[in-house]
Amino acid sequence: MFDNEELLKETKSQALNSETVGDIHVDDPRIIAKNINVFYGDKPAINNASIDIGKNEVLAMIGPSGCGKSTFLRCLNRMNDTIDACRVEGELFLDNENILDKKTDVVSLRAKVGMVFQKPNPFPKSIYDNVAYGPKIHGMAKNKIELDEIVFKSLDKAGLFEEVKDRLDAPGTSISGGQQQRLCIARTIAVSPEVILMDEPCSALDPIATAKIEELIYDLKKNFTIVIVTHAMQQAARVSQRTAYFHLGNLVEVGPTSKIFTTPQHKLTESYITGRFG
Amino acid sequence: MNNLKSRIAKEKRFKAYGIISITTALTLLTILFVSIFSQGYTAFQETRIQLPVYFDQEILDPNKTNDWNIIKKANFNGLVKQSIRNLFPEVSGRSNKRKLYKIVSSSAEYQIRNIVNNDLSIIGSKQNIWVLADDDVDMLIKGNINRNLPENERRIDDQELMWIEYLESENLIKKVFNKTLFSSGDSSESEQSGILVALLGSFYALLITLVLSFPIGIATAVYLEEFAPKDNKFVDFIEVNINNLAAVPSIIFGLLGLAIFLNFFEMPRSAPLVGGMVLSLMTLPRIIIPARAALKSVPPSIREGALGLGASNVQAVFNHVLPIATPGMLTGTIIGMAQALGESAPLLIIGMVAFIVDIPQGFTDPATTLPVQIYLWADTPERGFVERTAAVIMVLLIFLVLMNSLAIYLRKKFEKNIT
Amino acid sequence: MNMTVILITLVLLAASSYYVGLKKSVSIQKSEKLHSAPIYHGSLLAIYSLIVSLLFILIWRLFENYLYPEFSLSKNLIFFLSLLVFLITALIVFLKIEKNFRAREKVENIIEIFLLICSTVAILITIGILLSVIFEATRFFSMVPITDFLFGTHWSPQIPIREDQVGSSGAFGAIPLFTGTFLIAFIAMIIAGPIGLMSAIYMSEYATKKTRDIIKPLTEILAGIPTVVYGFFAVIVVAPFIRSSGEYFGLNIASESALAAGLVMGIMIIPFVSSISDDVINAVPQNLKDGSLGVGATKSETIVKVIIPAALPGIIGGLLLAISRAIGETMIVVMAAGMSANLTANPLEAVTTVTVQILVLLVGDQEFDSPKTLAAFALGLVLFFMTLILNYVALNIVRKYREQYE
């Protein structure tokens with residue numbers, strides 16, 4: 001046991017030595033991240049993080065606020081490009097293609113790696129149009145019948161179809177918060193991505209809506225690779241197979257979720273899990 | 001305790017200053033409106049006198065040609081004079097008769113002429129025709145000339161007053177809706193003058209302004225807000241320019257119009273085309289600045305949502321951000337157009353200040369605009385023009401109120417959109 | 001061959017090439033996944049060919065007289081050449097269409113360039129103002145020395161009818177115009193400053209929400225009234241009122257006076273001052289106010305000792321903007337202040353201003369070789385820079401102030 005001051009020292013020394021504990025590799029990787037460094041202006045936000053993300057697994061990323069987990073997530077579909085001061089270094093492979101390469105078309109990348117945001121952000125259009133938007137811009141449907149099929153299937157996969165099938169013309173903003181978030185997930189599924197990134201998808205929702213989303217994540221795992229950033233450790237424990245712990249821009253520890261939550265190897269991980277800071 | 005008392009008194013005094021200030025401002029607003037409305041509302045009516053006109057074959061068409069080209073040269077003025085004499089057969093003497101003829105507007109001649117032109121078969125018959133009264137008679141009927149003043153202080157002398165009162169007793173004089181005001185151009189006689197030239201001029205000029213400044217303004221706002229690189233010297237320079245243009249006195253834009261549009265490009269003077277171009281230069285920053293504010297207030301989560309689905313930057317902006325910001329951008333545009341509608345100084349410089357009788361047929365015909373017409377008529381001391389000036393102001397204010405209400409309605413809609 | 005015919009032909013060609021591009025990409029899409037949706041391929045084909053051929057025509061027109069004067073007579077040649085350019089460009093783009101062709105990116109680039117070009121219009125306008133004003137003003141200063149203009153105290157810009165006429169040269173000393181301008185702006189600010197500021201304070205600190213909802217739109221109406229209407233108001237109400245009250249006190253006041261113009265301009269500026277002050281007062285953080293109220297200060301003490309000092313830079317910036325407004329205002333002064341260039345500080349006399357003289361010199365016949373007409377541009381130059389400096393200073397003060405509380 002140690003007191004807070006010691007913990008602080010530990011943290012600082014750890015920040016300098018950014019070796020990740022645990023097993024960063026998987027047998028069947030979908031995404032391979034190698035030596036990722038992110039800077040906001042001159043300030044480093046992520047230090048040399050390397051990790052594999054496996055096929056059809058749910059990877060949870062946890063850690064205290066400002067640890068860089070969201071920043072890392074946004075590297076995976078280059079949403080960081082929208083922030084002018086942000087600079088990403090390193091290599092990120094999706095299907096043997098380095099997606100950090102300047103030549104990569106971010107638009108088709110984001111169609112492959114979809115994203116669900118912290119706050120539900122349906123477009124102020126009808127429920128149908130919300131889901132149909134992605135397939136439309138990517139030219140995925142040749143006619144209305146195909147489009148209908150994609151929309152209905154996506155809503156169904158997101159567990160929303162039964163609830164909204166009678167009011168597909170209602171504005172997407174008119175349904176409850178939990179339904180809105182599932183609509184956003186349906187919208188993402190509609191472009192049939194390979195990977196879905198979720199940035200604290202339940203932080204704005206009540207416990208019942210949260211439970212539904214968690215169930216949904218469990219179902220979606222069959223077809224998609226999911227990376228989820230979460231504040232709630234229980235959520236990580238419930239939905240994920242692997243967990244990555246971030247601290248002050250360092251990827252501290254990676255491992256099977258059961259192992260991280262029961263026998264963490266790193267002191268920082270342990271103190272976070274046991275609730276010493278966060 | 002005494003100290004506290006004086007502090008509370010001070011507090012009350014201070015609050016009173018605030019109330020006094022607001023009341024003063026609102027009182028002044030009320031005085032402004034009341035004075036304009038009280039001067040102007042009578043202008044929406046005009047006075048007409050019924051003349052028993054005998055369309056005398058001898059005067060109009062002595063040779064029975066039935067050919068308008070010959071008839072149109074006939075002495076219609078004499079016909080009018082004869083009709084007036086029929087009304088007051090007792091009046092004799094040259095000067096008295098001349099005074100008598102003046103109770104009817106000089107436009108009566110043309111009115112009679114038009115009637116004959118429309119129906120040649122009327123020749124030979126007797127008809128009662130309502131013709132326009134002279135402006136002094138008009139003023140008297142409307143009560144703008146006080147009948148109880150001593151004779152030497154009013155513009156209508158006792159004899160004229162007698163004639164008018166005779167007409168009143170016989171119901172041969174009446175007030176009707178002032179169609180002339182909305183159907184004719186300028187005139188040196190106030191009862192014959194109208195604002196149609198100004199209305200059309202304002203309409204044409206504003207159309208040009210809208211067509212030029214709306215697309216360019218919105219495109220600029222979209223570029224600066226959504227696509228322009230941050231911390232770029234050139235982009236900063238554009239922004240500085242826009243902010244300064246918004247505060248440049250409007251008359252300077254008139255100088256630009258004169259030196260560049262009229263002198264360099266040799267465009268027509270007094271034309272709504274050039275007027276609209278000058279106004280659009282002035283309106284452009286007034287559209288850009290609120291449009292940028294509207295774009296800025298669209299929640300970034302909408303843009304992120306679209307990007308996260310694989311929409312490109314352009315797609316995210318055009319499919320999602322723009323539709324949400326549209327009511328807000330329209331609000332700014334309408335307010336900018338309302339300001340352009342009320343603007344006059346730059347138009348005076350490019351020659352839109354002129355005595356124009358002919359109705360403009362297009363963008364390059366000489367015209368005035370509503371505010372310029374106000375300026376022109378406000379310069380004329382005649383009571384009849386004062387009344388008409390106030391009436392144009394009322395027409396202009398009605399347009400402005402309509403535009404601003406539309407803007408407020410759209411703003412409400414926009415505020416609902418982004419929350 | 002008429003230019004309109006050429007343009008219409010090109011637009012029709014563009015429309016058909018859109019369909020050609022669309023067709024080809026749709027047929028590719030049947031077997032393979034396209035990078036960009038078919039409409040982008042079609043649009044790119046149409047837009048690109050159109051732009052290139054139009055550019056070609058533009059360049060040809062600019063240079064034909066210099067390079068090939070013998071061709072410039074033949075409009076048919078340019079027609080056929082532009083069609084050729086169109087077709088070649090279209091063919092090149094057409095051949096490039098395949099599954100990996102990034103048509104969307106290219107179309108989007110064109111859109112962005114178009115938007116960028118639109119946003120440079122603001123710069124062009126500024127350049128236009130500077131060119132027109134400076135060019136004519138320089139010609140004026142070649143006839144009348146700049147020192148005479150800036151420091152002369154006599155203004156009477158007549159046009160000489162005969163060569164030997166007395167005072168034929170005219171006098172172009174602008175000092176009476178400057179003093180007149182500032183006198184009227186000063187009177188306006190005496191009215192608008194306190195009333196506008198106190199209204200803003202009352203509205204933001206004392207008024208209930210209900211009152212605010214009623215009064216705010218009313219002051220906005222005041223702000224939306226065209227200035228020519230205020231001018232009319234000055235002529236028919238304020239000036240006679242001032243004159244008759246002057247008579248009551250035994251003063252002889254001209255029907256056109258600085259006071260009438262200044263008063264009405266003050267009314268016009270009230271909403272401007274109050275809305276800017278309202279903004280800056282609302283930007284003062286609540287915790288500053290709470291701190292003062294928390295130690296037992298009354299509301300008025302809080303306002304005078306805490307809010308106003310904190311908001312002072314913003315208020316000063318707002319007042320400067322209002323002054324610049326007053327200086328640039330034309331219609332009220334031209335209708336109410338008069339044309340006579342008196343060098344006086346007496347508000348009861350008629351004065352004239354820079355804007356009025358610009359208008360007077362330019363309305364009617366203009367001769368661009370006489371100093372009378374050119375003087376207007378020199379005055380415009382002074383006015384432009386005067387308001388530019390005031391605005392620049394004011395906007396900087398306001399911006400610094402805002403940043404302080406953000």
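Two exercises with worked solutions follow, on a predicted model.

**Exercise 1.** Describe the interface of chain C and chain B: how many residues are in contact, how much area is buried, and which polar interactions are counted?

*Solution.*
1. Start with the contacts: on chain C 75 residues touch chain B, and on chain B 72 residues touch chain C.
2. Next take the area. The two chains bury about 6400 Å² between them, with 79% of it on carbon and sulfur atoms. On the chain C side, C:L115, C:I125 and C:F232 lose the most area to chain B, together 9% of what that side buries.
3. Then count salt bridges, for which the N–O cut-off is 4 Å. The count between chain C and chain B is one. B:R7 pairs with C:E301, and their closest N and O atoms lie 2.8 Å apart.
4. Polar contacts come to ten residue pairs, both residues being at pLDDT 80 or more.
5. Assign the chain C side to elements: helix 5 (residues 121–143) gives the most, with ten residues.
6. Sort that side by class: 50 residues are nonpolar, 18 polar and seven charged.

**Exercise 2.** Does the radius of gyration of chain A agree or disagree with that of a compact globule?

*Solution.*
1. List the elements: chain A has eleven helices and eleven strands.
2. Apply the globule rule. For 278 residues it gives a radius of gyration near 19 Å; chain A has 19 Å, so the two agree.
3. Add the extents: the C-alpha trace of chain A spans about 60 × 45 × 35 Å along its principal axes.
4. Add burial, with the cut-off under 20% relative accessible area: 55% of the 278 residues in chain A are buried.
5. Finish with contact order. Of the contacts in chain A between residues at least 6 apart in sequence, 69% join residues at least 24 apart.

Notes. Residues are numbered from 1 along each chain as its sequence is written. Chains are lettered from A and ligands numbered from 1 in the order in which they are written. This is a predicted model: local features need pLDDT of at least 70, side-chain atom pairs count only at pLDDT 80 or more; totals for chains, interfaces and linings use all residues. Side-chain values use heavy atoms; hydrogens and water are left out. Contact means heavy atoms within 4.5 Å. Buried area is the accessible area (1.4 Å probe) that two parts lose on being put together, summed over both. A salt bridge is a side-chain nitrogen of Lys or Arg within 4 Å of a carboxyl oxygen of Asp or Glu. A polar contact is a pair of N or O atoms within 3.5 Å; within protein, one must be able to donate a hydrogen and the other to accept it, and residues adjacent in sequence count only if both atoms are side-chain atoms. Helices (H or I, at least four residues) and strands (E, at least two) are DSSP runs, numbered from the N terminus. Ala, Val, Leu, Ile, Met, Phe, Trp, Tyr, Cys and Pro count as nonpolar, Asp, Glu, Lys and Arg as charged, and the others, Gly among them, as polar. The radius of gyration is taken over C-alpha atoms; the globule rule is 2.2 Å times the number of residues to the power 0.38. Buried means under 20% relative accessible area, exposed over 50%, partly exposed in between (1.4 Å probe, protein chains only).
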